[in-house]
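Please open the model in your viewer and keep the selection tool at hand. The tour moves from one stop to the next, saying at each what to select and what is found there.

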Amino acid sequence: MSKDLNIPDSPTPGPPAGEIWPRPLETPAAETRTQNVIEAFHRHFDGAPTHLAAAPGRVNLIGEHTDYNDGFVLPVALHRDIRVALRPRDDDTVRTYSLEYGEWFAFKLSQPEFNRRLLWSNYVQGMAWSLQEAGLRLRGMDAVISGNVPRGSGLSSSAALEVAVAKALLAAAGLDDALENVALAKAAQRAENQFVGVNCGIMDQFISVLAQKSHALLIDCRSLEYELIPFPTKAALVIGNTKASRSLAGSAYNERRRQCEEGVAILQKVMPRGHEVRALRDVSWEELEAHQSDLPELIYQRCRHVVTENERVHKTVAALQRGDMVSVGLYMERSHASLRDDYAVSSPALDAMVEAMLNAPGCFGARLTGAGFGGCAVALVQPGQEQAVADAIYAQYPKSAQIWPEVYTTQPGPGASITRLDQG
Ligand code: GLA
């Protein structure tokens, strides 16, 4: 395998010094984390916070690179989230302290400004900008931010930060109910698209706001209608973080978007009149096949991924509903193959991770999750087999990829929340 990856022979990497091998799987310590962020607030600001906002990261079961094609996605929220302990201020200053970065950032609500040095601050400022663009009158706040969603790993730490900050800013202004959930998700997406400058779809913000415990969410990314799909008790999730760099992610993501638009532009010209094609969502596999020769090969492949992936989402939902985990696993594998071969967003490390997962005992199926190019893969496994799957990943992946991974397990968790803290 290391030959395929073009990596010189070197000893297989082991766990970082001091780390237990295999690394224990995630045990969510919700109360401790809440306590930590509240204590940090006391240390950094005088007095107690009034509210705690929380918003989760996500893992997408299937439906990748379909959201910006008006298609379908099926994410679940993680039991990992971003928390914000906050207290309103009487002026229009927002003072924030990031616990993990150990950094301060303050700005005036009337003057948010992109900051090249403290990149995390742009999600906070962008959210304030976006909520004000939506016509809301915000107030300043003091806030401590803390999170345990792995950063830059395809688990939507940015969406979690945006949504947690949105909840915090709304609470500080006494506007908790001013935006309904879908509008809140859209405001968070706008912050990322227009302030941070990442042209993402709606999936990550949507699931972070609207997730429910023990459910996946089938989202129609055109109508923004959604359906809660009970997550079967016959299955569990294991997430393998390749820890491989995702340097290409931004530029290649935007390139894929452009390629899809190019496909749509051609199909609009060649499809029969009366058949409106606004996005790849409007094209069936049969129609795409019929027009294959009208499309450049590369564009055809990109379109084929999106069109078949939309179909796989529906088939996966049906299989989940009838408790057929073997079929769900199969669709996940096909999704990965399509992302690798047609959409070209996998990487040697992701392929090695998926292979290690598929070889593990009790694994129904596995695929890359999120934008790709690095980051994480997700496996659907038999409950009780999580540790065995993690062991198999730790045993196989470092040999193939020459990188030490991280493995997490999660149950589908709840969406964002805001809690008033007891002042007593
Ligand atoms: C990133 C984006 C999402 C989605 C996925 C790919 O996570 O933020 O909107 O496009 O990539 O499915």
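Strands, like helices, are here DSSP runs numbered from the N terminus, and a strand has at least two residues. Bear in mind throughout that the model is a predicted one.

Begin by selecting residues 75-88, which form strand β3, and within that strand pick out Arg87. Which residues does Arg87 touch, leaving aside those up to four places away in sequence? Its contacts are Phe41, Phe45, Asp46, Gly47, Ala48, Pro49 and Thr50, together with Met141 and Asp142. Now show the backbone of Asp46 as well, where the oxygen lies 2.4 Å from a polar atom of the Arg87 side chain.

Next, select helix α3, residues 157-172, along with helix α5, residues 203-210, whose axes come within 9 Å and cross at roughly 50°. The two helices, α3 and α5, are therefore oblique to each other, and their crossing is right-handed. To see the contact itself, display the side chains of Ala159, Ala160, Glu162 and Val163 on α3, and those of Asp204, Gln205, Ser208 and Val209 on α5. Sorted by class, this contact of α3 with α5 holds four nonpolar residues, two polar ones and two charged ones.

Move on to helix α8, which covers residues 297-321. With 25 residues at 1.5 Å a residue, α8 should span 36 Å, and this agrees with its end C-alpha atoms, which are 36 Å apart. Just beyond, select Gly323, which follows α8 and has a positive phi, near 70°.

The following stop is a pair of helices, α9 at residues 325-341 and α10 at residues 348-359. Their axes come within 12 Å and cross at roughly 165°, which makes α9 roughly antiparallel to α10. The handedness of the crossing of α9 and α10 is left-handed. Select Glu333, His336 and Arg340 on α9, then Leu350, Asp351, Val354 and Leu358 on α10, since these residues make the contact. By class, the contact of α9 with α10 comprises three nonpolar residues, one polar residue and three charged residues.

Keep α10 displayed and add helix α11, residues 386-401, for the last stop. How do the axes of α10 and α11 cross, and within what distance do they come? They come within 9 Å and cross at roughly 150°, so α10 and α11 are roughly antiparallel to each other. The crossing of α10 and α11 is right-handed. On the α10 side, the contact is made by Ala349, Ala352, Met353, Glu355, Ala356, Met357 and Asn359, and on the α11 side by Ile393, Gln396, Tyr397, Ser400 and Ala401. Colouring the contact of α10 with α11 by class will show eight nonpolar residues, three polar ones and one charged one.

How values were computed: Residues are numbered from 1 along each chain as its sequence is written. This is a predicted model: local features need pLDDT of at least 70, side-chain atom pairs count only at pLDDT 80 or more; totals for chains, interfaces and linings use all residues. Side-chain values use heavy atoms; hydrogens and water are left out. Axes are lines fitted to C-alpha atoms, for helices over the stretch in contact, and angles run from 0 to 180 degrees between N-to-C directions. Helices (H or I, at least four residues) and strands (E, at least two) are DSSP runs, numbered from the N terminus. Angles under 35 degrees count as roughly parallel, over 145 as roughly antiparallel, 65 to 115 as roughly perpendicular and the rest as oblique. A crossing is left-handed if the near helix is turned anticlockwise from the far one by less than a right angle, and right-handed if clockwise. Contact means heavy atoms within 4.5 Å. Ala, Val, Leu, Ile, Met, Phe, Trp, Tyr, Cys and Pro count as nonpolar, Asp, Glu, Lys and Arg as charged, and the others, Gly among them, as polar. The expected span of a helix is 1.5 Å times one less than its number of residues. A polar contact is a pair of N or O atoms within 3.5 Å; within protein, one must be able to donate a hydrogen and the other to accept it, and residues adjacent in sequence count only if both atoms are side-chain atoms.
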